[in-house]
Amino acid sequence: MTHAGIDTTRPNVARTYDYLLGGIESYTADREQAANLLRICPSLGIVALENRFLLARAVAWAAGQGVTQFVDLGAGMPVQKARPGVLEDIHVTARTAGPSARVAYVDNDPLVSARSRLFRAPARGVAICEADLTDRDSVLADLDLRAVIDLAQPACFIFGLALSLVPATDARDVVASYMHRAAPGSYVVISCGRCDDEALWAQLDQAYAAAEVHNHAPAEVEGFLDGLEPVPPGVAPPALRRDD
């Protein structure tokens with residue numbers, strides 16, 4: 001079934017990920033996709049939660065440094081089954097650390113945008129931008145985003161797994177393009193999926209039909225940070241980042 005630009009007959013990146021997190025925004029194709037992936041790698045649900053934990057901790061840390069503006073690039077579905085500190089939306093996490101935080105959610109998926117307008121936009125200081133994160137100029141020129149994000153002030157730009165969908169060279173350029181426009185004192189948060197088992201990765205890559213996905217090596221991810229000062233311990237598995 002296809003309606004309003006939303007194809008429910010094929011697995012979708014945001015909906016499949018939402019299902020892995022225990023969310024409710026999925027259709028049969030998405031659930032079948034997730035089931036196939038979990039048969040190959042049963043720990044994928046844990047990986048998804050580790051990613052959410054990393055993003056929550058990074059956002060809380062940045063807010064603790066005084067950052068009050070956050071741009072969530074490739075935001076995915078709103079969290080409707082919240083678990084404080086892990087499964088909650090970025091604006092909720094940020095405002096726990098800094099009540100004045102403002103957040104722009106960016107995604108080019110029409111269903112994500114629709115759900116975000118319903119469940120995220122009513123919150124004070126939240127904007128929804130339907131745009132492709134790789135098109136920096138369109139994203140940063142969006143009037144709704146500019147209503148809550150002042151590019152003359154420090155901001156935190158978040159790429160939560162989104163760069164796994166972008167070739168390494170392009171991903172490096174995308175990050176650089178945003179940081180080129182960012183005010184001094186800004187931060188970037190990046191998480192990427194990584195599988196060191198080549199045989200397992202080949203199975204996952206073949207099974208994943210929602211999009212083309214890239215298994216970025218740590219050295220490639222470090223390249224996304226060219227010209228920036230990494231926060232210790234730098235590029236590392238998310239389970240290693242469970243302290244302040």
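Helices, taken here as DSSP runs of at least four residues, are numbered from the N terminus, and in this predicted model the place of N215 is in the loop between helix 9 (198-207) and helix 10 (218-224). Because buried means under 20% relative accessible area, N215, at 18% relative accessibility, counts as buried. Its side chain reaches the backbone nitrogen of C195 at 2.8 Å. When residues up to four places away in sequence are not counted, N215 touches G193, R194, C195, W201 and E220, so that C195 appears both as a partner of the N215 side chain and among the residues that N215 touches.

Helix 9 also figures in the surroundings of helix 2, since what covers the buried residues of helix 2 includes helix 1 (13-20), helix 3 (44-64) and helix 9. Helix 2 itself comprises 13 residues (residues 28-40) and reaches 19 Å from its first C-alpha to its last, close to the 18 Å expected at 1.5 Å a residue. Its buried residues are A29, D30, Q33, A34 and L37. Seen down the axis of helix 2, these buried residues fall within an arc of 135°, and they therefore line one face of the helix. An α-helix has 3.6 residues a turn, so residues three or four places apart point the same way.

A further element enclosed by the structure is strand 5 (residues 126-130): four of its five residues are buried, and it is therefore largely enclosed by the rest of the structure. Strand 5 is joined by five bridges to strand 4 (residues 102-107), and the two strands run parallel. Within this pairing, Y105 stands opposite I128 in strand 5. From strand 4 the chain crosses through helix 5 (residues 110-119) to strand 5, and the resulting β-α-β crossover is right-handed.

Two features of the backbone geometry remain to be described. Most residues other than glycine have a negative phi, and most peptide bonds are trans. L161, in contrast, has a positive phi of about 70° although it is not a glycine. This residue is found in the loop between strand 6 (156-160) and helix 8 (168-181), where L161 is partly exposed, with a relative accessible area of 25%. The second feature is a cis peptide bond that joins P232 and P233, with omega at about 5°; the place of P233 is in the segment after helix 10, the helix that also bounds the loop holding N215.

Terms used: Residues are numbered from 1 along each chain as its sequence is written. This is a predicted model: local features need pLDDT of at least 70, side-chain atom pairs count only at pLDDT 80 or more; totals for chains, interfaces and linings use all residues. Side-chain values use heavy atoms; hydrogens and water are left out. Buried means under 20% relative accessible area, exposed over 50%, partly exposed in between (1.4 Å probe, protein chains only). A polar contact is a pair of N or O atoms within 3.5 Å; within protein, one must be able to donate a hydrogen and the other to accept it, and residues adjacent in sequence count only if both atoms are side-chain atoms. Contact means heavy atoms within 4.5 Å. Two strands pair if DSSP finds at least two bridges between them. A crossover is right-handed if, with the strands pointing away from the viewer, the path from the first strand over the helix to the second runs clockwise. The expected span of a helix is 1.5 Å times one less than its number of residues. The arc is that of the directions from the helix axis to the C-beta atoms.
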